[in-house]
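Student: I have a structure open beside its sequence, and I would like to learn how the words used to describe it are justified. Could we go through some of them together, setting each value against its definition?

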Amino acid sequence: MSYRISFRTVVAALALACCLASSTRAMAKIKVVASLTDLGSIAAAVGGDQVEVKTIARPQSDPHHVEVLPSYMVSVSKARLYLKVGLMLDQWADQIIDGSRNNKVEILDCSAHIIPLEVPTTRVDGRQGDVHPNGNPHYWLDPRNGGIVARDIAAALGRIDPAHEVEFRQRAETFAKECEDSRVDGVARIAALPNRTMITYHASWVYFAEAVAMEVPGHVEPVPGIPPTGGHLQELVDLIRQRQIPVLLQEPYYSQDAPEFLARQTGIRVIKASPSCDSAQPDSYLAHFNKLIAEIVGS
Amino acid sequence: MIRRRYSPACIIFISLWIAGAPAVAGVVNPNISVIGQPYLMVTDDPANPDHDRLRMDPGETEVVFDDYLNPFTRGYFTLALNEDGLELEEGWFRILRGLPGALNLKGGKWRQGFGKLNAQHPHTYPFFDGFHVLSEFLPGDESFNESGLELSERLPSPGESSLVASLAWLQGDSFRQVRGDTIGSGDPISLSGDRSEESRPAVLGRLSAFSLIGERSGLDFGLSATSGTNNVAAGTRTTVYGADAKAKLWNSERSYLVLQAEVLKLDREDAGWSCATGYAHETVKPWGWYIYGDYNWDLRWNAGASFERYQAADRDQAWNSAFGLFGGVALMEETTAFRVGWERFRTGSAPGDVQPDPVNTFTLRVIFSMGPHKTHQF
């Protein structure tokens, strides 16, 4: 038995293949890689179905120290947009981006339009610990900054995919409004507390505290990145007792010894919470903020 | 190996130049790091002039400069300052992007990526010094460090695993080996030297793979091979083959185990001279391996053990072995680390020969760094 393929059949098959290829291209999502789940979550909220987001640092790990793995480079090698935290927090990202060998990836420093806090006014050296010379880099913990980052991401996505630029901008505005609503709600709930002070392990929570009008009179670390000494812990015991500070926020990647000691000595309530949200899902960023508020008010 | 040394005056000039640079130059200054590595050592090695006495040594100080040269290229220099003076340990550029097919091009002088350990600087080791099998088999005095050009490419691989192939064309200086004088008449060494200063290009190829295990742990595998001329007059060659594996396994947020091993096979033709037949050679084909395990807990503490066994690269090919224990702590944070170690080295002997006593060496090294290059990666 023999088969004869006509010229018309070949042309039809080629035309079908071209149509399929072009529709696949049209449906191809913009691959985005973010240093943190928080930036990834914002990108997912802004990008919607047009983006596919991956993240590098795990929410339970210290974002200051991320081991550069070749698999991260492979992820970035396929990306069109990389979202950096900036302010010298994720310097490891440069190594990942360089190792990706990706000539087309656009790098967005998400700190570009935020107003940094704790910018040193004097020369920075090792005596001040792990101080970031351009300011505290944990800005994503203020939802207002989440809104600013969303607008920057929308602009970057619009440059990559102009056909969806308007959608990106609209989603960014919606997201920024949700951020502000969550913050206002958080401020109201914190305002109802009899004591709006807290101790934090590392200076990760400065932006969060400012966003909800809380005061941080002390950190477990005497200076950023340096574990506490006995003398410093005793000072904290006195401070907590004197000001009846109710809450200590501790990142999961630091030793529990000092917070447990302070809890035994003063009865302070230790809340172990990551400064980053759980995943790069669109609702994860604000869910994380709302959960933090809920844990602090004890509901 | 050719070593370039610089006088103390040169060091002072560079220091003053850096210190005296106007503040506005900061925007284009490279990252600068200085890493000190003083140590205490006690050994019962009779060949060591300080045996059975405590030796305090400033060790080698590394000065590192690195930064982007332009949007496509990064540059890196390491100067090693030791009792012999100042040496350019590494100085290279890498074109990271812009080349066709995502190729990377590296050029200059650098610790070659043969296996896992050779490319690393000793201050990143969890133990005191590199393994004997590497210094015995790889070309070069302290490490396999060569000038050359390297092209590398990431190959297609499934999922997020990584497969990278690289090929380097090297100057070949570190392969050179001076042949002993045979005394016999007509030996070119006694007549006009043996062209021992000449070198011929060498090659190094490597294939390395990485795969994630779970979210954070990983497995590395690699195959390496290098070949070069060790005596130009005789046309004799040194070839080394290697296979390596490393597993970094996290068992909690703050603790992990590193297991690493390398196997090496040396194939070296040693040039000789005979008055009757002229140049001849004898081939040695020893092999050896090392393995170590390093457990890190609470991020700042680590302890581990190592073992290596290899044949001497000579006619007898007796088996040498070494066992070591090591531990360390990063004080306060990663800029200062203390590392303590003990090694028991047993030299092999030919059948019928007396077995030499094993040599014990205790060390305590302090590693401290200023600048972005730290003693330890958490």
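Student: Which residues does Thr200(A) touch, not counting residues up to four places away in sequence?

Tutor: Before answering, please keep in mind that this is a predicted model. In it, Thr200(A) touches Trp205(A), Val216(A), Gly218(A), His219(A), Val220(A) and Leu249(A), when residues up to four places away in sequence are not counted. A contact here requires heavy atoms within 4.5 Å, and Thr200(A) itself lies in strand 5 of chain A, which covers residues 197-200.

Student: What makes Thr200(A) count as buried?

Tutor: Buried means under 20% relative accessible area, and the value for Thr200(A) is 0%, so the residue counts as buried. As for its surroundings, the C-alpha atoms of Thr200(A) and Pro217(A) are separated by 8.9 Å, although the two residues are 17 apart along the chain.

Student: How much of each chain counts as buried?

Tutor: In chain A, 52% of the 299 residues count as buried, while in chain B the share is 44% of 378 residues. The secondary structure of chain A comes to 10 helices and eight strands, whereas that of chain B comes to three helices and 20 strands.

Student: Why are helix 2 of chain A and helix 10 of chain A called oblique to each other?

Tutor: Two packed helices are described by the angle between their axes and the distance between the axes. For helix 2 (residues 37-47) and helix 10 (residues 284-297) of chain A, the axes come within 7 Å and cross at roughly 125°. Angles of 65 to 115 degrees count as roughly perpendicular and those over 145 as roughly antiparallel; an angle of roughly 125° fits neither range, and helix 2 and helix 10 of chain A are therefore oblique to each other.

Student: Which residues meet in that contact, and how do they divide by class?

Tutor: Asp38(A), Ser41(A) and Ile42(A) in helix 2 of chain A meet Ser284(A), Tyr285(A) and His288(A) in helix 10 of chain A. By class, the residues of this contact are two nonpolar, three polar and one charged.

Student: What is the orientation of helix 2 of chain A to helix 6 of chain A?

Tutor: Helix 2 of chain A packs against helix 6 (residues 165-191) of chain A at an angle of about 125°, with the axes 7 Å apart. That angle makes helix 2 oblique to helix 6 of chain A. On the side of helix 2, the residues in contact are Ile42(A), Ala45(A), Val46(A) and Gly47(A), and on the side of helix 6 they are Phe168(A), Arg171(A), Ala172(A) and Phe175(A). Sorted by class, this contact has six nonpolar, one polar and one charged residues.

Student: How do you know that the span of helix 10 of chain A agrees with what is expected?

Tutor: The expected span is 1.5 Å times one less than the number of residues. For the 14 residues of helix 10 of chain A this should come to 20 Å, and the end C-alpha atoms are 20 Å apart, so the two values agree. Several residues of helix 10 of chain A are buried, among them Leu286(A), Phe289(A) and Leu292(A), and just after the helix Gly298(A) takes a positive phi of about 80°.

Student: What makes the pair Arg58(A) and Glu253(B) a salt bridge?

Tutor: A salt bridge needs a side-chain nitrogen of Lys or Arg within 4 Å of a carboxyl oxygen of Asp or Glu, and the side chains of Arg58(A) and Glu253(B) meet with N to O at 3.0 Å. Arg58(A) lies in the loop between strand 2 and helix 3 of chain A, and Glu253(B) in the loop between strand 13 and strand 14 of chain B, so the pair joins two chains. Arg58(A), at 18% relative accessibility, counts as buried, but Glu253(B), at 24%, is partly exposed.

Student: Why is Arg127(A) called exposed and Asp125(A) buried?

Tutor: Exposed means over 50% relative accessible area and buried means under 20%. Arg127(A) has 71% and so counts as exposed, while Asp125(A) has 17% and is therefore buried. These two residues form a salt bridge, with their closest N and O atoms 2.5 Å apart.

Conventions
Residues are numbered from 1 along each chain as its sequence is written. Chains are lettered from A and ligands numbered from 1 in the order in which they are written. This is a predicted model: local features need pLDDT of at least 70, side-chain atom pairs count only at pLDDT 80 or more; totals for chains, interfaces and linings use all residues. Side-chain values use heavy atoms; hydrogens and water are left out. Helices (H or I, at least four residues) and strands (E, at least two) are DSSP runs, numbered from the N terminus. Buried means under 20% relative accessible area, exposed over 50%, partly exposed in between (1.4 Å probe, protein chains only). Axes are lines fitted to C-alpha atoms, for helices over the stretch in contact, and angles run from 0 to 180 degrees between N-to-C directions. Angles under 35 degrees count as roughly parallel, over 145 as roughly antiparallel, 65 to 115 as roughly perpendicular and the rest as oblique. Ala, Val, Leu, Ile, Met, Phe, Trp, Tyr, Cys and Pro count as nonpolar, Asp, Glu, Lys and Arg as charged, and the others, Gly among them, as polar.
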